[in-house]
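Let's take a walk through this one, starting with its charged pairs and ending with a few backbone oddities. Keep the viewer open as you read.

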Amino acid sequence: MIDAWGAHRIFVSPVWMLVPLLFMLVGMPGSRSDAAEVPVSAPVVEAVRISGTINPAVAAFVTEQLDRVNREKPAAFLLELDTPGGLDLAMRQIVKAVLGSQVPVVVFVAPAGARAASAGALITLAADFAGMAPGTNIGAAHPVSIGGGRDNGDDVLMGKVVEDAAAYARSLAMRRGRNPVWAEKMVRDSVSIAAHEALQRQVVDLVAENRTELLRMLHGRTYRRGDEIRQLVCRDATVKFSGMDWRQKILNTISDPNVAYMLLLLGLLGIFFEISQPGVVLPGAVGAMALLLALFAFQTLPVNYVGMLLIVLALVLFVLEVKVTSFGMLTVGGLISMTFGSLMLFEHTEPFMRLSRAVIAGTAVVTAGFCLLVAWFVVRAQRRRVVSGQEGMAGLRGETLTEVYRDGQIFVRGEYWSAYADEPIPAGETVEVVRMAQGLRLEVRRPKPVHTVVNTHPMSGSDKENIP
């Protein structure tokens with residue numbers, strides 16, 4: 001039989017052994033009492049900034065970032081925009097990526113003084129949330145011909161383009177719950193409105209002073225993905241900006257008309273110099289690379305090929321100036337041809353798609369001056385006395401080792417030569433080489449006497465007296 005003390009020991013000991021285990025369970029991180037005390041991490045907003053024209057390089061960068069963002073699933077994707085417009089195909093590529101994004105896309109036209117014109121206006125309409133900073137504007141989305149032509153009432157093709165763009169803007173506005181009437185006006189009538197007016201007309205959703213205020217005002221707003229209504233959580237979010245890599249920066253830079261123009265000239269000059277002076281290699285290699293980069297840029301620019309041919313003609317005239325004595329007239333013709341070709345190269349109604357007049361003037365003057373400098377060096381080299389080969393032997397002086405007439409031997413420039421002359425010349429006399437005849441025989445003659453100027457002025461009487 002178990003006594004009372006033994007029973008007490010059997011019952012109480014296991015209970016005391018369970019006490020530390022209970023404390024451990026209460027103190028575990030997964031317990032309900034501590035769950036509310038664990039701080040929640042701030043949401044993350046991925047962002048990119050577009051400041052410039054909308055071209056294929058920019059479109060590829062934005063779509064690449066949207067693909068990455070949809071894999072990482074941040075709270076939102078912010079696109080800060082400041083653009084005068086761009087190409088229709090590049091704009092539609094960005095819009096497709098925005099419409100297909102599962103992560104909410106926010107377009108913010110900022111900073112103050114920025115604009116979302118032309119293609120930028122349609123990208124803003126496509127966003128889930130559209131905001132603008134005070135002092136910004138949006139609109140002027142009327143399509144223009146990439147060849148620089150102007151539409152009119154009889155232009156059926158341009159009319160189709162306008163109708164297509166108007167319908168596209170209207171559909172984007174209706175999809176995002178914005179004002180489709182004003183969206184269509186921006187396309188048909190090139191209407192451009194300021195930030196607060198755009199808010200009143202329901203073209204954008206809000207006006208914010210800065211990025212922090214924008215995210216605070218957007219926090220808690222809802223957006224739709226299919227049949228699901230989601231809520232945006234972005235208060236006190238951490239904004240992470242991503243930039244272009246070196247390859248995208250290069251492609252974006254050369255898409256500028258001024259850069260593409262200079263690449264074209266550099267490429268043509270390099271190839272022409274390689275053709276005129278074969279074997280130098282470096283001008284040809286650099287010219288080929290520059291020309292390929294220029295051709296890449298031209299696929300995104302409104303190129304007038306008559307202007308390009310005029311530039312090619314100008315460079316041909318510059319090269320001919322080296323070969324033909326024209327007293328500078330070929331250079332003048334090349335300068336005129338280059339100036340007109342440059343003015344015609346990019347014809348477009350938008351200033352950002354045209355060449356700068358200062359770049360045209362500077363490039364034409366520098367190119368013409370460089371070609372004139374090269375021509376001067378070539379002419380100076382051609383007029384210089386030949387110092388080698390058969391032509392270099394003429395005019396040299398030597399000494400006869402034997403009598404020279406029908407045959408003989410002379411010593412010229414440290415070498416022994418067979419020689420002949422029109423008259424007998426005894427050994428030991430100085431002779432002058434006339435030319436090198438067949439069989440490496442030198443024709444020689446006696447050196448021409450050097451004429452000295454004799455003073456024939458009569459002396460005066462005082463001069464005569466001074467003579468001892």
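**Charged contacts and backbone quirks**

A good place to start is a network of salt bridges that links E163, R170, E184 and R188. Bear in mind that you're looking at a predicted model. Across the whole structure, a search turns up 19 salt bridges, so let's pick out a few individual pairs, using a cut-off of within 4 Å between the side-chain nitrogen and the carboxyl oxygen.

Take E46 and R68, whose side chains meet at 3.3 Å, N to O. E46 sits in strand β1 (residues 44-51) and R68 in helix α3 (residues 56-72), so this salt bridge ties together parts that are 22 residues apart in sequence. Both E46 and R68 are buried.

Strand β1 has another charged residue to look at: R49, which also lies there. Its salt-bridge partner is E80, with the closest N and O atoms 3.4 Å apart. Because E80 belongs to strand β2 (residues 76-82), the R49–E80 pair ties together parts that are 31 residues apart in sequence. What about exposure? R49 is partly exposed, with a relative accessible area of 47%, while E80 is buried at 6%.

Now jump along the chain to R225 and D128, a salt bridge whose closest N and O atoms are 2.9 Å apart. This pair links distant parts of the chain, 97 residues apart: R225 is in strand β9 (residues 222-225), and D128 is in the loop between α5 (119-126) and β5 (129-132). R225 counts as buried, with a relative accessible area of 11%, and D128 is buried too, at 10%.

That loop brings us to helix α5. How many of the eight residues of α5 are buried? Eight of the eight, so the helix is largely enclosed by the rest of the structure. The buried residues include G120, L122, I123, T124 and L125.

In the loop between β4 and α5 you'll find S118. S118 isn't a glycine, yet it has a positive phi of about 55°. With a relative accessibility of 16%, S118 counts as buried, since the cut-off for that is under 20%.

D236 is another non-glycine with a positive phi of about 55°. D236 lies in the loop between β10 (228-231) and β11 (238-241), and is exposed, with a relative accessible area of 67%.

One last backbone feature is worth a click: the peptide bond from A110 to P111 is cis, with omega near 0°. Look for P111 in the loop between β3 (105-109) and β4 (115-117).

How values were computed. Residues are numbered from 1 along each chain as its sequence is written. This is a predicted model: local features need pLDDT of at least 70, side-chain atom pairs count only at pLDDT 80 or more; totals for chains, interfaces and linings use all residues. Side-chain values use heavy atoms; hydrogens and water are left out. Helices (H or I, at least four residues) and strands (E, at least two) are DSSP runs, numbered from the N terminus. Buried means under 20% relative accessible area, exposed over 50%, partly exposed in between (1.4 Å probe, protein chains only).
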